[in-house]
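Student: I would like to go through this model with you. Where should we begin?

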Amino acid sequence: MSDGYTPPKIWEWNRESGGRFANINRPIAGATHDKALPVGKHPLQLYSLATPNGVKVTVMLEELLAAGHDGAEYDAWLIRINEGDQFGSGFVAANPNSKIPALVDHGGPAPARVFESGSILLYLAEKFGAFLPIEQPARAECLSWLFWQMGAGPLLGGGFGHFYAYAPVKIEYAIDRYAMEVKRQLDVLDHRLADNAYLGGDDYTIADMAVWPWYGALVQGLVYDAAEFLQVDGYTHVRRWTDAIAERPAVKRGRMVNRAMGDPASQLHERHDASDFDTSTQDKVSPPNDAD
């Protein structure tokens with residue numbers, strides 16, 4: 001079956017072909033404008049947005065703080081990707097791939113930049129000696145599931161999510177192809193969680209923090225509005241795991257940081273101190289107009 005499109009011998013960039021994300025998608029790298037990144041009072045500086053990849057890192061930081069690692073205090077700065085903040089010169093210096101999240105650790109002799117969400121989770125786990133097993137084979141199991149998400153996630157987000165929810169036209173082949181793959185991934189997780197409390201085994205680790213913001217959100221109907229389409233309630237072990245993690249206080253806080261959509265009470269655009277959760281959510285800093 002063909003939609004009548006034949007690829008040319010040489011691809012050329014059509015600026016109008018990007019659909020919902022045409023204003024930020026481009027085939028070249030690098031900065032589009034000069035803009036330095038702000039730096040707060042803590043060694044750890046996070047530049048992010050509360051997409052699933054961003055939530056991974058804020059959950060990790062909040063879990064570290066909840067576990068008593070005071071050195072994990074951090075400043076979180078909002079990067080509005082739909083407005084092109086990720087193409088500012090400062091952000092590109094922190095992450096040449098121009099994707100959130102990016103972390104800069106000022107706690108050493110020289111600032112250390114860390115980019116890619118899985119890399120940030122691993123960096124923090126090793127820095128604080130937490131949420132990553134030391135002994136084998138538990139360590140290998142945890143890292144295997146961490147990197148499983150790095151490979152599987154783009155098929156959920158850039159594949160299924162894009163064609164099901166964001167593409168300017170519905171393409172049956174593309175939606176069927178990626179729906180089949182996402183359901184296979186959910187089945188992989190369901191089999192693993194049938195006999196294990198968490199992905200790494202008995203303990204909650206960075207593997208869960210990596211996978212949950214994507215697949216937990218999917219099961220809870222928080223992304224792509226596809227829960228019914230994919231019949232996610234059939235994955236009972238994934239549902240049990242999803243709901244258990246969602247109830248963790250640090251996870252609830254982590255989901256709020258750098259959030260710029262939804263209930264104003266759930267949005268903490270910037271986070272510089274633990275008290276910000278009580279004083280600086282959008283319902284408090286930007287109260288609704290009484291006339292509305």
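Student: How far from Asp85 is the nearest side chain of opposite charge?
Tutor: This is a predicted model, where local features need pLDDT of at least 70, side-chain atom pairs count only at pLDDT 80 or more, and totals for chains, interfaces and linings use all residues. Residues are numbered from 1 along each chain as its sequence is written, and side-chain values use heavy atoms, with hydrogens and water left out. Asp85 is buried (under 20% relative accessible area, 1.4 Å probe, protein chains only) and has no salt bridge (a side-chain nitrogen of Lys or Arg within 4 Å of a carboxyl oxygen of Asp or Glu). With Lys and Arg counted as positive, Asp and Glu as negative, and His and the chain ends not counted, the nearest opposite charge is on Lys35, at 4.2 Å.

Student: Which residues does Asp85 touch, not counting those up to four places away in sequence?
Tutor: Asp85 sits in the loop between strand 2 and helix 2 (89-94); helices (H or I, at least four residues) and strands (E, at least two) are DSSP runs numbered from the N terminus. Contact means heavy atoms within 4.5 Å. On that basis the residues are Lys35, Leu78, Ile79, Arg80 and Phe91.

Student: What is the strand order of the open sheet?
Tutor: Two strands pair if DSSP finds at least two bridges between them. The sheet has four strands with mixed pairing, in the order 2-1-3-4.

Student: Which residue in strand 4 stands opposite Ala102?
Tutor: Strand 3 (residues 102-105) pairs with strand 4 in the antiparallel sense over four bridges. Opposite Ala102 stands Phe115.

Methods. Buried < 20%, exposed > 50% of the residue type's maximum accessible area, 1.4 Å probe, protein only.
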